[in-house]
Each structure stands twice: as C-alpha cells, then as structure tokens.
Amino acid sequence: MLNLILFGAPGCGKGTQSLFLAEHYSLDHVSTGELLREEVRKETEFGEKVEALISKGHLVSDEIILELLFEHLEEIDEFTGVILDGFPRTVGQAEALFREFKERGWVAPILVNIEVDEDILVSRLLERGKVSGRTDDNEETIRNRFKIYNSATQPVIDYYAQHGDLITVNGQAEIKEVTQRIIDAVDAFVKNR
Ligand code: AMP
C-alpha cells in the first residue's frame, strides 16, 4: 500500500500534482480544502463558519478537519492508498494522522514537500485568482495564508523528518517535469525502503 502527502506552501502545485499522481499510482485523491469547499457549497450554518475562516486565510480547527477527513476516508469502499492534499497543516494534525493510520492498520504516508520560492508563489496565486473564483486568492488573504503557512504548517516538515518518511522536490519547473521528479523520488524511496 502506498500513501502520499503532497505538502508545500499555497500555490506550490499540490492540487495539480495530486491529480496526476493519483492517476499514476491509482490512489484516491483527498483534498481537505475541497472537502471544506463542499461544506461551504451546502450553505449550512457550519458551511458559513468555514467560509468565514477560509476567506481570511485562517486554518479550520484540527478537531473539525480530523473529523471531516477521517469520516471521508472511512467511506472509501476499499482502502488501497490515498494521496492527501492540504493535510496535515499543523503538527497536531500530523500527530493525529500517525495515530489514526496506525489504528486502522494503514501504512503511514510518505510526505512529499514541494519547494518553490515565495515570490513566485504569490504571483502564481494572483494569476489563479483571476480565474479560480476562490475567495481566498486575493492579495490580503494570500499574505495571511503565507504567514500561517510559515508559522503553523512549516513545522510539520521537522516533525515529519523525525517521525516519518520525507521527500523534498524542487517545484520550480514545468508541471510535467515536477510530476516526473516526484515519481522518480517516490519510486526510488519505495525501492530502497
Ligand atoms: P487548500 O485548498 O488546500 O488551499 O485549502 C484552502 C483553505 O482551506 C486553507 O487556506 C484553510 O483555510 C482551509 N484548510 C484546508 N485544509 C486544511 C487543514 N488541513 N487544516 C486547516 N485548514 C485547512
């Protein structure tokens, strides 16, 4: 069983790469951002609260994310491997991930950290904002998302380096080239595991 996490700052290409990799390795693609946006589209009271956080670039609480994610993972008919996109975003989430995967007898995911310079990411996100329709792809929210990424999410890398399997890939290249770099790195890692 192969489980992967696609990790990196906002705009690094997690979503796009996840789709290609999910197809390549036949994995279920699970994006916590997408699970949240689905809740927002339901226009419930809960969805409104979520939207208020997302539109400012704040993180949704660990408790809510964990419930939403594991409820979703439990619904997968035959669990043969997933690619997590946008999770974990805090050390607390990473701790819970190891605990919950172990409890279910699932292999702990390999974390693929996609590195891209922040100034490149900001201009990518501003471009994306023109077409994505996402309320969080505007300049003020983007700035906040980076602040939160640097303070709350980046520490996951150190935590993961100590407790799990970590691969770092340079994400400053054409999309296809980055996909190939990730596949090469994951295959080499799995071969030597
Ligand atoms: P994304 O689609 O991954 O860029 O996520 C969009 C937004 O959803 C983030 O900026 C957060 O507000 C929220 N979000 C997504 N995943 C998580 C998570 N694992 N923990 C907390 N908030 C999340």
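Trainee: Which residues gather in a patch of negative charge on the surface?
Mentor: Glu-63, Glu-67, Glu-71 and Glu-75 do. A patch takes residues with over 30% relative accessible area and no salt bridge, joining like charges within 9 Å and nonpolar side chains (Val, Leu, Ile, Met, Phe, Trp, Tyr) within 5 Å. Asp and Glu count as negative, Lys and Arg as positive, while His and the chain ends are not counted. Each charge is placed at NZ of Lys, CZ of Arg, CG of Asp or CD of Glu.

Trainee: What should I know about the model itself?
Mentor: This is a predicted model: local features need pLDDT of at least 70 and side-chain atom pairs pLDDT 80 or more, while totals for chains, interfaces and linings use all residues. Residues are numbered from 1 along each chain as its sequence is written, and side-chain values use heavy atoms, leaving out hydrogens and water.

Trainee: Back to the patch. Where is Glu-71 found?
Mentor: In helix α4, residues 62-75. Helices (H or I, at least four residues) and strands (E, at least two) are DSSP runs, numbered from the N terminus.

Trainee: Why does Glu-71 get its accessibility label?
Mentor: Its relative accessible area is 45%, so Glu-71 is partly exposed. Buried means under 20%, exposed means over 50%, and partly exposed is in between. The areas come from the Shrake-Rupley method with a 1.4 Å probe, and for residues only the protein chains shown count as cover.

Trainee: New topic. How many salt bridges does a search of the whole structure find?
Mentor: It finds 12. A salt bridge here is a side-chain nitrogen of Lys or Arg within 4 Å of a carboxyl oxygen of Asp or Glu. In general, side chains of opposite charge can pair when their charged atoms come close.

Trainee: Which residue does Arg-104 meet in a salt bridge?
Mentor: Glu-100, at 2.6 Å, N to O. The two are 4 residues apart in helix α5, so about one helical turn separates them.

Trainee: Is Glu-100 buried or exposed?
Mentor: Glu-100 is buried, at 18% relative accessible area. Arg-104 is partly exposed, at 27%.

Trainee: And Asp-136? Which residue forms a salt bridge with Asp-136 at 3.0 Å?
Mentor: Arg-134. Arg-145 also meets Asp-136 in a salt bridge, at 3.9 Å, N to O. Salt bridges with shared partners join Arg-128, Arg-134, Asp-136, Asp-137 and Arg-145 into one network.

Trainee: Which of those are buried?
Mentor: Arg-145 and Asp-136 are among them. Asp-136 has just 6% relative accessibility. Arg-134 is partly exposed, at 24%. Arg-128 is partly exposed too, at 30%.

Trainee: Where is Arg-128 found?
Mentor: In helix α6, residues 118-132. The C-alpha atoms of Arg-128 and Gly-11 are 8.7 Å apart, with their positions 117 residues apart along the chain.

Trainee: What about Arg-41 and Thr-16? How far apart are they in space?
Mentor: They are 22 Å apart, C-alpha to C-alpha, and 25 residues apart in sequence. Arg-41 lies in helix α2, residues 32-41. Arg-41 is exposed, at 53% relative accessibility.

Trainee: Switching to polar contacts. Which side chain does Thr-90 contact?
Mentor: The side chain of Asp-62, at 3.1 Å. A polar contact is a pair of N or O atoms within 3.5 Å; within protein, one must be able to donate a hydrogen and the other to accept it, and residues adjacent in sequence count only if both atoms are side-chain atoms. Gln-93 also makes a polar contact with the side chain of Asp-62 through its own side chain, at 3.0 Å.

Trainee: Where do Thr-90 and Gln-93 sit?
Mentor: Thr-90 is in the loop between β3 (82-85) and α5 (91-104). Gln-93 is in helix α5. Thr-90 is buried, at 13%. Gln-93 is buried at 3%.

Trainee: Any backbone oddities? Is the peptide bond from Phe-87 to Pro-88 cis or trans?
Mentor: It is cis, with omega near 0 degrees. Pro-88 is in the loop between β3 and α5.

Trainee: What is phi for Ser-26?
Mentor: Positive, about 55 degrees, although Ser-26 is not a glycine. Ser-26 is in the loop between α1 (14-25) and β2 (28-31). Ser-26 is exposed, at 58%.

Trainee: And Glu-43? What is its phi?
Mentor: Near 55 degrees, a positive value in a residue other than glycine. Glu-43 is in the loop between α2 and α3 (45-54). Glu-43 is exposed, at 68% relative accessibility.

Technical notes
Buried < 20%, exposed > 50% of the residue type's maximum accessible area, 1.4 Å probe, protein only.
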